[in-house]
Amino acid sequence: MTSRALALGAFLLSAACGAVPSAGPAPTPFDPAGGSINVFAAASLTEAFKRVGSDFQARHKAATVQFNFAGSPTLVTQLTQGAQADVFASADQPNMQKALDAGLCENRPQVFATNRLEIVVAAGNPKHIGGLADLGRPGLLVVLAGPTVPAGRYAGQALQSAGVKVTPVSQETDVKSVVSKVVLGEADAGIVYLTDALAGGPKVAGVRIPDAQNVVAQYPVVELKSATSAGTAKAFIDFLLGTDGRKDLAGFGFGPP
């Protein structure tokens, strides 16, 4: 029998036995998150969002996330003046409402986290500050965020609730600047978010504010009309609202929505 006949016989035998050629590896599922996005986020989200961004990129290999951190009113001003961004995360509802009123938002914002206020002092609490009432002591140097900054407005509400009058030595554009003033010794105390006191590290300590005098801050996020990579923007927000994103946020002291 010739070699050609042998090859033909082997083919007919494999067909009769139902052998099928291998289809090869399954195709990789399409990932809509494949572009670069610019996220404008409140300064108090700095450490947490860097972790969220890293974990998001680990899941979506073709996606890149860049951040612009600043006080929420500063970010809204930048956006209304034409700054390009894909996602906006605010530390309060009023500044998000300004973005909505300006027609910047692609859809309705969603609250993804909450936060609470805390007094930030130098490590060891050398001035022995035990609560909001102590911030009214003569000679004590207190720094707050400005009244248009969410943390500054919340601080004003908390002080009013406690019946304490404070004249700050300075009013900062974001909470990170408040913490810096305390770290540098330019202030004895400030009012920031619990998460910022934690992020301040060993050079600062936090003094708890009772629930009755405290304020719960709500953080909303939204996709913007200026988004150049809508698929990646949506995926980032979904990740933020999902189990992994909330776990990342909780690790930095943020509460659930």
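Ile119 has Ile191 as its bridge partner in strand S7. This pair belongs to a predicted model, in which S4 and S7 (residues 189-193) run antiparallel and are paired over five bridges. The points below cover the strands around S4, the buried residue Leu132, the pairing of S1 with S2, and the buried residue Asp86.

**Strand S4 and its partners**
- Strand S4 spans residues 110-122.
- S4 is joined to strand S9 (residues 216-223) by six bridges, and the two run antiparallel.
- Within that pairing, Thr114 lies opposite Gln218 of S9.
- Strand S8 (residues 204-208) is also antiparallel to S4, with five bridges between them.
- Here Glu118 is matched with Arg208, its bridge partner in S8.

**Leu132**
- Leu132 sits in the loop that lies between strand S4 (110-122) and strand S5 (142-145).
- Its relative accessible area is 2%, and a residue under 20% counts as buried, so Leu132 is buried.
- Beyond the neighbours within four places in sequence, Leu132 contacts several residues, including Ile119 and Ile191, the two bridge partners named at the start.
- Other contacts of Leu132 include Ala158, Leu159, Ala162 and Val164, as well as Ile209 and Gln213.
- Gly163 is 31 residues from Leu132 along the chain, and their C-alpha atoms are 8.9 Å apart.

**Strands S1 and S2**
- Strand S1 (residues 36-42) pairs with strand S2 (residues 64-70) in the parallel sense, over seven bridges.
- Between S1 and S2 the chain passes through helix H2 (residues 46-59), forming a right-handed β-α-β crossover.
- Ile37 stands opposite Val65 of S2.

**Asp86**
- Asp86 is placed in the loop between helix H3 (72-80) and strand S3 (87-89).
- Asp86 is buried but forms no salt bridge.
- The nearest side chain of opposite charge is that of Lys234, 9.9 Å away from Asp86.
- The side chains of Asp86 and Gln84 make a polar contact of 3.4 Å.
- The Asp86 side chain also reaches the backbone nitrogen of Ser229, at 3.4 Å.
- Not counting residues up to four places away in sequence, Asp86 touches Ser36, Ile37 and Asn38, among others.
- Further residues touched by Asp86 include Val222, Glu223 and Leu224, along with Ala227, Thr228, Ser229 and Ala233.

How values were computed. Residues numbered from 1 in each chain as written. Predicted model: local features only at pLDDT ≥ 70, side-chain atom pairs only at ≥ 80, totals over all residues. Heavy atoms only, no water. Buried < 20%, exposed > 50% of the residue type's maximum accessible area, 1.4 Å probe, protein only. Lys, Arg positive; Asp, Glu negative; His and termini not counted. Salt bridge = Lys/Arg side-chain N within 4 Å of Asp/Glu carboxyl O. Polar contact = N/O pair within 3.5 Å; in protein donor to acceptor, adjacent residues only side chain to side chain. Contact = heavy atoms within 4.5 Å. Pairing = 2+ DSSP bridges. Right-handed = clockwise from strand over helix to strand, strands pointing away.
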